[in-house]
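Hi everyone, thanks for coming along. I have one protein to walk you through today, so let's put it on the screen.

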Amino acid sequence: MGQTLPKPALRPFLPADVPVVAAIFASAIEELTGDDYSEAQQEAWMAAAEEDEFGRRLASDLTLVATLDGSPVGFASLRGNDHISMLYVHPAVSGQGIATLLVDALEKLSGGRGATSLTVDASDTAQGFFAKRGYTAQQRNSVTINDEWLANTTMKKTLGAPQ
Ligand SMILES: CC(C)(COP(=O)(O)OP(=O)(O)OC[C@H]1O[C@@H](n2cnc3c(N)ncnc32)[C@H](O)[C@@H]1OP(=O)(O)O)[C@@H](O)C(=O)NCCC(=O)NCCS
């Protein structure tokens, strides 16, 4: 008989989560984005978690933490009513529906706050994930993080529309 896999759960982010969430952020970038970004770009991106502003941003956005057996394994943030500002899942549990659970919840919260559409500046790594959920590309962007230029794509989904 196989063991039953633990079921993921969601809870609000707490200030005490900053170290574990920063570790998930760094591992996700380091292990999952290497096909799309150079090592220098990954390092610049990962270093964003070392800044004081990182915890403040998570707290000022609506941030949800996904847990497995009570341990955080991923997180996602909603800025205002209608923008996904963060989505990171630990590589050890990627492909198990954790991001799906997080984004399902953010879409419901966004709709509950009155938004009719939701945007995200998707990394090249995450673009396929969002496309599968019905987000469409609006524009390419280049952002500087710690002196490195990184490309992403603004994507948009009309809430309530079929996927
Ligand atoms: C993108 C990311 C959040 C996906 O997390 P995840 O928990 O592995 O995603 P899920 O398991 O919920 O995937 C759901 C579906 O999307 C697909 N999917 C996931 N990542 C994908 C990708 N990069 N490209 C295409 N499809 C993808 C899965 O195959 C799955 O499809 P299925 O339902 O047919 O099986 C994760 O890979 C990650 O943290 N990446 C690095 C950080 C990053 O780029 N964050 C985004 C910043 S905007």
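I'll start with the overall fold and then visit a handful of residues.

One thing to keep in mind while you look: this is a predicted model. So, what are we looking at? The protein has five helices and seven strands. If you trace the chain from the N terminus, the elements come in the order β-α-α-α-β-β-β-α-β-α-β-β. The radius of gyration is 15 Å, close to the 15 Å that the globule rule gives for 163 residues, so the protein is as compact as a globular protein of that length. Along the principal axes, the C-alpha atoms fill a box of roughly 50 × 35 × 35 Å.

A few more overall numbers before we zoom in. Of the 163 residues, 43% are buried. If you take contacts between residues at least 6 apart in sequence, 63% of them join residues at least 24 apart. The accessible surface comes to about 8,800 Å², and carbon and sulfur atoms account for 50% of that. As for charge, there are 12 positive and 20 negative charges, and their mean positions sit 13 Å apart.

Now to the individual residues, going from the N-terminal side onwards.

First stop, please: Asp 17. You'll find Asp 17 in the loop between strand 1, residues 9-12, and helix 1, residues 18-32. Is this acidic side chain's residue buried or exposed? With a relative accessibility of 6%, Asp 17 counts as buried, because the cut-off for buried is under 20%. What does the side chain of Asp 17 touch in the way of polar partners? There is a polar contact of 2.8 Å between the side chains of Asp 17 and Arg 11. A polar atom of the Asp 17 side chain also lies 2.7 Å from the backbone nitrogen of Leu 14. Beyond the neighbours within four places in sequence, Asp 17 is in contact with Arg 11, Pro 12 and Val 65.

Next, Gln 42, which belongs to helix 2, residues 39-47. Gln 42 is another buried polar residue, with a relative accessibility of 9%. Its side chain has a polar atom 3.0 Å from the backbone oxygen of Ile 29. The side chains of Gln 42 and Thr 33 make a polar contact as well, at 3.1 Å. Setting aside neighbours within four places in sequence, the contacts of Gln 42 are Ile 29, Glu 30, Thr 33, Gly 34 and Tyr 37. Ile 29 and Thr 33, the two polar partners, are therefore both on that contact list.Let's move on to helix 4, residues 98-112, and pick out Val 103 there. How accessible is Val 103? Its relative accessibility is 0%, which puts Val 103 in the buried class. Leaving out neighbours within four places in sequence, Val 103 is in contact with Ile 84, Leu 87, Phe 129, Phe 130, Arg 133 and Tyr 135. If you'd like a distance to check on screen, the C-alpha atoms of Val 103 and Leu 78 are 9.4 Å apart, with their positions 25 residues apart along the chain.

Over to strand 5, residues 117-123, where we meet Asp 121. Asp 121 is partly exposed, at 37% relative accessibility. Which residue makes a side-chain polar contact with the side chain of Asp 121? Thr 154 does, at 2.8 Å. Apart from neighbours within four places in sequence, Asp 121 is in contact with His 83, Ile 84, Asn 141, Asn 152, Thr 153 and Thr 154. The C-alpha atoms of Asp 121 and Lys 132 are 15 Å apart, and these two residues are eleven apart along the chain.

My last stop is a pair of loop residues. Asn 146 lies in the loop between strand 6, residues 136-145, and strand 7, residues 148-158, and Asp 147 is found in the loop between strand 6 and strand 7 too. Have a look at the backbone here. Most residues other than glycine have a negative phi. Asn 146, though not a glycine, has a positive phi of about 45 degrees. Asp 147 is not a glycine either, and its phi is positive at about 70 degrees. On accessibility, Asn 146 is partly exposed at 39%, while Asp 147 counts as exposed at 75%.

That's the tour, and I'm happy to go back to any of these spots.

Notes:
Residues numbered from 1 in each chain as written. Predicted model: local features only at pLDDT ≥ 70, side-chain atom pairs only at ≥ 80, totals over all residues. Heavy atoms only, no water. Helix = DSSP H or I, 4+ residues; strand = E, 2+ residues; numbered from the N terminus. Rg over C-alpha atoms; globule rule 2.2 N^0.38 Å. Buried < 20%, exposed > 50% of the residue type's maximum accessible area, 1.4 Å probe, protein only. Contact = heavy atoms within 4.5 Å. Areas by Shrake-Rupley, 256 points an atom, 1.4 Å probe, with all protein chains shown as cover. Lys, Arg positive; Asp, Glu negative; His and termini not counted. Charge placed at Lys NZ, Arg CZ, Asp CG, Glu CD. Polar contact = N/O pair within 3.5 Å; in protein donor to acceptor, adjacent residues only side chain to side chain.
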